[in-house]
Amino acid sequence: MEQPNSNAGDGQGIRRRSCGCTKEDFLPEESFKSWGNYTKALKATPARLLDRLMARSAEHTELVEMKAQSQHEMKKSLTWWDLMWFGVGAVIGAGIFVLTGLETRRHAGPAVVLSYIISGVSAMLSVFCYTEFAIEIPAAGGSFAYLRVELGDFVAFVAAGNILLEYVIGGAAVARSWTSYFATLCNHQPNDFRIHVSAFAENYNRLDPIAVVLSIVICGFAVASTKASSRLNYVASILHITVIVFIIIAGLTKANPKNLTPFAPFGPRGIFVASAVLFFSYVGFDAVSTLAEETKNPSRDIPIGLVASMVIITLAYCILAATLCLMQPYQKIDEDAPFAMAFEAVGWGWAKYIVALGAIKGMTTVLLVSAVGQARYLTHIARTHMVSPWFAKVNERTGTPVNATASMLAATALIAFFTPLEIISNLLSISTLFIFMLVAVALIVRRYYVSGETTSSNRNKLIIYLFLIMGSSTATAIYWATSDEWIGFAVTAPIWFLSTLALWISVPQAKKPRVWGVPLVPWVPSISIAINFFLLGSIDAASFERFAIWTGILLVYYFLLGLHASYDTAMESKIQAAEESNSSV
């Protein structure tokens with residue numbers, strides 16, 4: 001409603017500032033014109049923060065005004081078929097081909113199949129929430145745009161930082177896994193193509209130049225054309241599915257049911273710990289929601305594309321995990337290239353090359369779709385000036401955000417060069433679960449609160465019930481993480497259930513979806529909140545420490561730069577709107 005319009009006062013402002021690399025291109029806002037202005041802005045931080053905490057964007061702002069920040073519109077060229085294969089291509093990659101072995105051996109045993117089912121249910125609930133938003137607000141900003149509309153600027157910014165982290169470290173994890181499988185394909189050990197530097201810290205001393213080169217190649221495809229990327233993706237995904245079918249059929253011919261015993265050697269806790277990490281395997285479908293702006297018929301294509309891809313993915317994961325556990329005892333499963341090594345262990349050494357080739361194809365498409373999705377997130381965030389508007393530029397010829405794509409993939413390449421998969425995957429799961437939880441909260445707010453229409457009584461009840469739902473879910477996760485007893489769940493679970501029931505019964509919905517909506521609201525988003533919190537409680541403390549450091553860095557940036565840039569842009573937009581209103585009278 002009062003959101004950015006950096007054209008204000010200068011019809012050519014966007015074009016000039018997007019074409020260079022000067023200070024004006026990166027910090028064009030009034031607060032950064034001089035040191036005096038910046039000092040005044042810093043002194044006004046409390047008032048500006050309060051304004052941004054209370055500000056909620058309007059759908060029209062996200063769908064119309066924000067697009068104007070990019071000079072040129074993205075091309076509407078995608079159908080449900082494209083979206084479905086983008087979903088498959090975005091998800092099936094490093095998670096199933098690498099983390100399955102790691103988590104089966106360390107945490108779950110053959111019960112890793114149950115871990116995948118739990119993660120899949122959580123992901124499907126999030127898919128429903130994303131789908132309703134993507135249809136109602138078909139903007140390139142994805143969850144960032146949804147949270148700006150429903151939960152306000154500040155929450156959206158914190159989520160935005162974690163969205164970008166999710167994509168950067170997710171891409172880095174896949175790029176490093178690509179190197180491992182490429183080494184296997186070349187009949188080498190997974191680390192043979194990495195450079196060991198003993199002077200660097202442990203866990204950061206195996207440098208991966210292949211991951212860097214791969215990121216550069218993917219960048220070239222991503223900036224060329226979204227439709228061309230889509231064609232490449234679904235051709236590669238179909239080949240990938242063919243390899244998966246081969247793995248299942250060939251692997252089951254070597255199945256030994258005795259390998260499933262013991263089924264859950266690490267107990268229920270191991271199953272959920274593995275599920276939290278394996279949630280990484282489902283990361284990527286949210287990239288499909290960022291393509292809504294480039295979809296021909298969002299209301300039809302997005303539900304079909306997202307749900308169909310998630311069904312295919314969940315079935316494939318569960319069957320693949322079961323096949324792996326039937327081929328080998330869990331203690332002997334390789335942690336780096338489990339499927340390839342499993343075939344070698346049963347005497348089919350030639351098959352490991354087919355597996356490695358399929359894994360490489362899958363991880364290539366994951367990187368491609370990730371590159372497409374992360375650039376659209378950054379583009380929309382830049383449209384609000386929370387980060388520099390230089391990143392919002394869309395190339396006139398290709399219809400793609402070149403600056404955002406190149407910048408994100410440069411960050412991905414840097415992380416991939418140094419950081420191993422295990423550290424990356426846990427941190428990624430925290431960011432992803434956190435964002436999915438916020439989107440579920442935003443959906444409940446969207447359905448039950450409309451400014452100026454919802455009564456204060458219903459608003460207060462909504463706040464109380466949401467607080468109880470989130471509080472009981474958090475308490476359940478903490479209790480799970482810190483205790484081996486079960487009595488605490490007898491308190492937290494009923495509070496969650498009764499709070500959701502009370503919201504369902506006593507607060508009328510203020511808004512109905514225009515085309516397609518999540519069924520059984522508030523139950524579906526409330527269950528999504530509870531599962532996401534519960535899985536967070538299964539992640540190790542060191543990963544939360546890294547998450548806290550990243551969030552701290554985000555807040556420092558926001559208070560020093562992002563807050564003032566977005567505030568100036570919002571005020572400029574309000575002034576321009578008032579001038580236009582006066583001139584029309």
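**Close-up views of a predicted, mainly helical chain**

**View 1. Helix 17 and the loop residue that comes after it.** With 33 residues (351–383) at 1.5 Å a residue, helix 17 should span 48 Å, and its end C-alpha atoms are indeed 48 Å apart, which agrees; the expected span is 1.5 Å times one less than the number of residues. Helices (DSSP runs of H or I, at least four residues) and strands (runs of E, at least two) are numbered from the N terminus. Because 28 of its 33 residues are buried, helix 17 is largely enclosed by the rest of the structure; buried means under 20% relative accessible area, exposed over 50%, and partly exposed in between, with a 1.4 Å probe and protein chains only. This is a predicted model, in which local features need pLDDT of at least 70 and side-chain atom pairs count only at pLDDT 80 or more, whereas totals for chains, interfaces and linings use all residues. Residues are numbered from 1 along each chain as its sequence is written, and side-chain values use heavy atoms, with hydrogens and water left out.

**View 2. Two residues with positive phi, His385 and Leu520.** Most residues other than glycine have a negative phi, and most peptide bonds are trans. His385, in the loop between helix 17 and helix 18, has a positive phi of about 70° although it is not a glycine, and at 2% relative accessibility it counts as buried. Leu520, in the loop between helix 21 and helix 22, likewise is not a glycine and has a positive phi, near 55°, but Leu520 is exposed, with a relative accessible area of 62%.

**View 3. Two cis peptide bonds, before Pro262 and before Pro522.** The bond from Thr261 to Pro262 is cis with omega near -5°, and Pro262 belongs to the loop between helix 12 (226–252) and helix 13 (267–278). The bond from Val521 to Pro522 is also cis, with omega near 15°, and Pro522 lies in the loop between helix 21 and helix 22 (523–536).

**View 4. The largest pocket and its lining.** About 790 Å³ of space lies in this pocket, where a volume is the space filled by probe spheres set on grid points joined across faces, edges and corners. On a 1 Å grid over the protein atoms alone, a pocket is an open set of points where a 1.4 Å probe fits, with protein on both sides within 12 Å along at least five of seven lines, and lining residues have an atom within 4 Å of a point. Of the 37 lining residues, Gly161, Leu164, Leu165, Trp550 and Leu554 lie nearest the centre. Helix 10 (153–185), helix 17, helix 18 (402–418), helix 19 (421–448) and helix 23 (541–584) each supply at least two lining residues, and helix 23 gives the most, with nine. The lining divides into 29 nonpolar, six polar and two charged residues; Ala, Val, Leu, Ile, Met, Phe, Trp, Tyr, Cys and Pro count as nonpolar, Asp, Glu, Lys and Arg as charged, and the others, Gly among them, as polar.

**View 5. Confidence along the chain.** The mean pLDDT (the predictor's confidence in each residue, from 0 to 100) is 82, and 86% of residues reach 70 or more. Among the elements, helix 1 (residues 13–18) has the lowest mean, 38, and helix 21 (residues 489–506) the highest, 95. Over residues 1–19 the pLDDT is below 50. Where pLDDT is low, the predicted coordinates should not be read in detail.

Notes
Contact means heavy atoms within 4.5 Å.
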